[in-house]
Amino acid sequence: MGLGRGRALGDEGAAVSKGSSYARIARRQRQLVEAYGSTCWRCGREVPTQDVWLDFVIPRERGGRNTLANLRPAHRLCADAARAAIKGEVDRG
Ligand SMILES: [Zn+2]
């Protein structure tokens with residue numbers, strides 16, 4: 001059924017796209033730390049570079065862009081809390 005060949009190609013494709021995505025995030029983390037420092041913009045505490053969460057100033061749901069100017073370093077938990085608060089606002093209308 002041509003299983004061997006199809007499978008090999010599929011695996012290769014997945015590995016490549018996954019790898020480039022991680023590399024892109026790691027690059028963004030470094031750019032953010034260089035631009036804004038390694039502190040969470042929400043709570044003001046230190047964030048290890050590899051743990052920096054790319055937090056949107058203007059949420060993507062509201063048309064925010066995926067650019068350095070619209071991103072700030074944050075803890076993931078701080079970003080999640082902010083997103084939850086925004087969702088609450090949206091739900092209330
Ligand atoms: Zn924080």
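This is a short tour of a predicted model, one selection at a time.

**Stop 1: the whole chain**

Start with everything shown as a cartoon. The protein chain has two helices and two strands, and reading along the sequence you meet them in the pattern α-β-β-α. Of its 93 residues, 14% count as buried. Among the contacts with a separation of 6 or more, 48% join residues 24 or more positions apart.

**Stop 2: colour by confidence**

Now colour the chain by pLDDT. The average is 82, and 75% of the residues score at least 70. Which element has the lowest confidence, and which the highest? Helix α1 (residues 3-36) is lowest, with a mean of 70, while β2 is highest, at 97. Next, select residues 6-16: here the pLDDT is below 50, and the stretch has zero contacts in the model beyond near neighbours in sequence. Keep that in mind when you look at this part of the picture.

**Stop 3: the pair of strands**

Select β1 (53-56) and β2 (71-74). The two strands run antiparallel, and four bridges join them. To see one pairing, pick Asp-55 and look across to β2, where its bridge partner is Arg-72.

Stay with β2 and turn on its side chains. In a regular strand, side chains alternate between the two faces of the sheet. Is each face of β2 covered or open? Both are covered: Leu-71 and Pro-73 are buried on one side, and Arg-72 and Ala-74 are buried on the other.

**Stop 4: Leu-54**

Move to Leu-54, in strand β1. Is this residue buried, partly exposed or exposed? Leu-54 has 18 C-beta neighbours inside 10 Å, so it counts as partly exposed; a buried residue would need 20 or more. Leaving aside neighbours within four places in sequence, Leu-54 is in contact with Ile-25, Arg-28, Leu-32 and Leu-71. Try a distance label too: from Leu-54 to Pro-73 is 5.6 Å, C-alpha to C-alpha, although they sit 19 residues apart in sequence.

**Stop 5: the nonpolar core**

Finally, select Leu-32, Cys-40, Val-47, Val-52, Trp-53, Phe-56, Leu-71 and Ala-74, and show them as spheres. These eight residues form the largest nonpolar core. The elements giving two or more residues to this core are β1 and β2. In soluble globular proteins, nonpolar side chains tend to be buried together.

Zoom in on one core member, Phe-56. Setting aside neighbours within four places in sequence, Phe-56 is in contact with Gly-64, Asn-70 and Leu-71.

How values were computed
Residues are numbered from 1 along each chain as its sequence is written. This is a predicted model: local features need pLDDT of at least 70, side-chain atom pairs count only at pLDDT 80 or more; totals for chains, interfaces and linings use all residues. A nonpolar core is a set of buried Ala, Val, Leu, Ile, Met, Phe, Trp, Tyr and Cys residues joined through C-beta atoms within 7 Å. A residue is buried if 20 or more other C-beta atoms lie within 10 Å of its own, exposed if 12 or fewer, and partly exposed in between; C-beta atoms are placed from the backbone. Two residues are in contact if their C-beta atoms, placed from the backbone, lie within 7 Å. Two strands pair if DSSP finds at least two bridges between them. pLDDT is the predictor's confidence in each residue, from 0 to 100.
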